[in-house]
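Visitor: Could you take me through one part of this model slowly, and then show me what else can be said about the chains around it? I am in my first year, so please take your time.

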Amino acid sequence: MAVFRDTVPRTFQGKLYEINWALVLLLCLLGAAGIGMLYSVADGAWDPWATRHATRFLVGLVMMLIVAMMPPRFWMAMSYPAYLGALALLLGVEFFGLTIQGSQRWLELGPIRVQPSEVMKIAVVMALARFYHDLPREKVSGPTGVLVPLALIGMPAVLILHQPDLGTALLVVATGAVLIFLSGLNWRIIGAAAVAAAVAIPLGLRYGLQDYQRERIFTFLNPEDDPMGAGYQILQSKIALGSGGFTGKGFLQGTQSHLNYLPEKQTDFIFTMLGEEFGFVGGIAILLLYLIVLANAVAIATSCKSTFLKMTVMGVATTFALYVIINTGMVMGMLPVVGVPLPLVSYGGTVMLTVLFGFGLILGAHVHRNAELPKGVGLFG
Amino acid sequence: MKFTRRSLLLSAGGVVVFGALAARLYTLQILQAERYRLMSDDNQFNFLLVPPSRGRILDRFGEPLAENRDSYRVLIVPEQAGDLDATLDRLGELVPISDRERERILTAARRAPGFRPVTALEDLDWGAFSAVNLRAPDLAGVIPNVAEIRHYPSGPAFSHVIGYVQPPTEEDAGDSALLRHPGFRIGRAGVEAAREDTLRGQAGSLKVEVNAFGRVIRELPEQSVPQTPGEDLRLTLDAGAQSYAYERLTGESAAAVAMDVETGDLLALVSTPGFDPNLFVTGISHTAFQALQDNELRPLFNKALQGTYPPASTFKAVTGLAALEAGLVRESETVTCTGKIRVGDREFHCWRRGGHGRVNMREAVKTSCDVYFYEMAQRAGIDRIHDMALRFGLGPAPDIGLAGVRDGLVPNEQWKRARYGQGWSLGETLITGIGQGFLLASPLHLAVMTARLASGRAVTPRLYRDDNAQLAPMVGIDPQHLELIHDGLRAVVHEPGGTSHYSLGGLGVDGVEMAGKTGSAQVFRITEAERAAGVRSQDDLPWRLRDHGMFVCYAPADRPRYAVATVVEHGGGGSRAAARPARDILRYLIENDPSRAGPFAARDTGTRGG
């Protein structure tokens, strides 16, 4: 066994054997929770959400396993082109995008409708992982080591913010920041950046936001001031969660959700519905599932030999973690309503596929954790 | 190794953040669960007001005089309807809505807070109602609903005494949720208004589950407070007698009051013409109301309780008793009537120009001799007449538990000084002695007076049935004197020469005799000039100048049980228009006496024919 672990499996069966099936099972549990809750959202019906969610999950699962089997070298070679492609899509949104509910996020490519900002979440992680993989250790805190990652993060962030989609933009920036931190950046620079952020954030709040975004942040601070207006969603969500109590009102029995007091319960507020119907027990179970998934990812990252894989795994895990934290924090009234779904549970195709693609990379990193990847192999090498 | 260190550092941060999330979940779902559970219930459940069922009003035999029937109606909640005009347009496709109704609905919706339903349509027929019912789920804010509405089966016969219900005014409603409930009505007149507290009952509440759009998902009756219906109210009235009396007087501007002379139970309390109280419940049109107000016969005016007239000759028995009781006249003592009497420098005429000759008390009552009673009045004096009149129930309004009963007027020296600042003259005593002058009495007063004369008991009129009522004390008149008056009153009808012998001749029931007394109150004095111009009798005068006719009577004459008083406005002399209806009502009462199976002495058991 020990011998086997030190080498990289080359055969199909070998790779299949090396897949972290426990992690796959955990992801399936999350997907199943989503199917169950979407069944309840439709008042106990498979249509219109549960069936489609299940289908997407299965498609995504297959894609995830395919991604996991592919050699990391391929993904490394793909990282910069993918990044550029995603950036191009974002620009496409800027000019040809579909406007839904006041923001341009979707792009129609033939029959499918994609959300380039979702694609970018993975692309920026791969691009940064690739960049740090190639960068000599001693240059991390140098001008190249600081400025290039900032540009890689900044360009998509600005485009996404302009859609406007504050939530995703912050997610991209936060993920990028985590990767810069993990790269081993000098603590002094980190400290200086923290100070700079402390100054920039209030200014950004003042001048950089759309009215509705600002309003959301202010109502978040005081939701009960305006129970029928913008604070309505947060308040109703807290009522639903709180009234769920320890064991919840029972499957299909959530009054807040089924009597429509709860908004957007198939997407952003699905955790609320779960909390109302399954109570504290259900809520903690879901949070624990996410935590175990993340712990697995961190273990995989630290076991990888190449910087590219380490960074990719941590990047994807960070994105995933931020999804969970922002979504649950939002529905519990700890964070403003920013429109971030609960990964694998909320209804939504692009997110599901990008998350499972990301886990494909994580599982692949685990399979190929011992692979030594060459450095500085040109832009498209 | 830097990467691993920082990864673990980051993971530790992540664990802390997840811990914070878990803590928040704990706070919401465990620590504050109770608070949010209440808020959730607040969202989920509403309490709808359930108006109480109004108590019925029943006659003495339990026959309903005012009851409730189902009304199919349509309510609109303006807040849920949004564009009210559009909603009414769509509703109008199902049920015609007139412009006036539309205006009323829009005004009501403007005045009420948006969450309060407004009655849009009422009293729909089943077809229209089911059409609305079918489409209601597509019409936001439109609620088909069945409610109780007041119904008066006997219509105009009881209109004055029962009154009617109407929606409360803005001031009435105040902040009472019940009074502001759509379609809720309160008593506006008559018994309905007087006994509002008894009839109304207590509102209940219905717990319902509502969704975020305010639509009721289901009802939870087991967690609701049921309404407490108002109490049924038993009146002393006899629906049959009342309806009969009303019909008998239809066409006249008249009033009739029938009473049980022993208990004081009012058996009929009629004023004609009446009106249909049902029109007032659903909202009478302006033109219909105007027509009622402009009617010369004053249908909205309750003549039985609010009309006051000089009692005229019906009062003579009281004058006679005043003299008899004071020992100022003997039974057999006669007075000679020459057709007139001179007192001071004034002449007072008898109604019979030629005079009655020598008459005693019995004859004087029977022939209604004015001169005899001028003499009695002169002997007794105004104070004795005044006191005797009060003992027979005249003067202050009897309290029968209704608003608006008018006081009568029994004058004396003190009253005149206070009213006119002048002293009393002997001539006024004489005029009072024959029931004219300042004297005023309502038909109710006349009925009470007659009942007390008949039974010798100081009965007080009762409108509300009371099975525990005590027998009234005696008025305290020497039975021999009362007997004498009774004899005279019987002779009025049954003996030749009696003022009603020719017109009535009797009660019309074998073996039962009646007693009665006519009266006519002058409205207009026929002048010598008019007499010269050929105006000889009342018939030649326009209607509104003719005398008021009145008749009081009781039966059976030997063992009185029922008394009836009628006043026919401008009916000419009492024996003409008023006597026959009064006699007929009395006959109805005798013929339908519940104790007729046995002797009249048997007490009324409260069930007809029982």
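Guide: In this predicted model, helix α11 of chain A is mostly covered, with 12 of its 13 residues buried; a residue counts as buried here if 20 or more other C-beta atoms lie within 10 Å of its own. The buried residues of α11(A) include A:Q233, A:I234, A:L235 and A:Q236, and also A:K238, A:A240 and A:G244. The helix covers residues 232-244 of chain A and reaches 18 Å from its first C-alpha to its last, which is close to the 18 Å expected at 1.5 Å a residue. After α11(A) comes A:G245, whose phi is positive, near 65°.

From this helix we can turn to the place where the two chains touch, where 31 residues of chain B are in contact with 36 residues of chain A. On the chain B side, α1 (2-31) and α2 (33-44) each supply at least two residues, and α1(B) gives the most, with 18 residues. Sorted by class, that side of chain B has 16 nonpolar, 10 polar and five charged residues.

Chain B itself is divided into domain 1 (47-175 + 186-234) and domain 2 (239-591), and the C-alpha centres of these two domains of chain B lie 45 Å apart. Where the domains touch, 28 residues of domain 1 of chain B are in contact with 22 residues of domain 2 of chain B. Several elements of chain B each supply at least two residues of the domain 1 side, among them β4 (118-124), β5 (142-151) and α9 (190-194). The residues on that side of domain 1 of chain B divide into 14 nonpolar, seven polar and seven charged.

Chain B also holds an open sheet of five strands, in the order β14-β13-β21-β20-β19, with antiparallel pairing. Its edge strands are β14 (266-272) and β19 (515-521) of chain B, each of which pairs on one side only, and the twist averages 10° from one strand to the next. Within the sheet, seven bridges join β13 (residues 254-260) of chain B to β21 (residues 562-568) of chain B, and these two strands run antiparallel; B:V257 stands opposite B:A565 in β21(B). Helix α23 (residues 579-591) of chain B packs on this sheet, where it touches β13, β14, β19, β20 (548-555) and β21 of chain B, and the direction of α23(B) makes about 155° with that of β21(B).

Technical notes:
Residues numbered from 1 in each chain as written. Chains lettered and ligands numbered in written order. Predicted model: local features only at pLDDT ≥ 70, side-chain atom pairs only at ≥ 80, totals over all residues. Helix = DSSP H or I, 4+ residues; strand = E, 2+ residues; numbered from the N terminus. Expected span 1.5 Å × (residues − 1). Contact = placed C-beta atoms within 7 Å. Nonpolar A, V, L, I, M, F, W, Y, C, P; charged D, E, K, R; others polar. Domains from an automatic or database assignment. Pairing = 2+ DSSP bridges. Axes fitted to C-alpha atoms, helices over the stretch in contact; angles between N-to-C directions.
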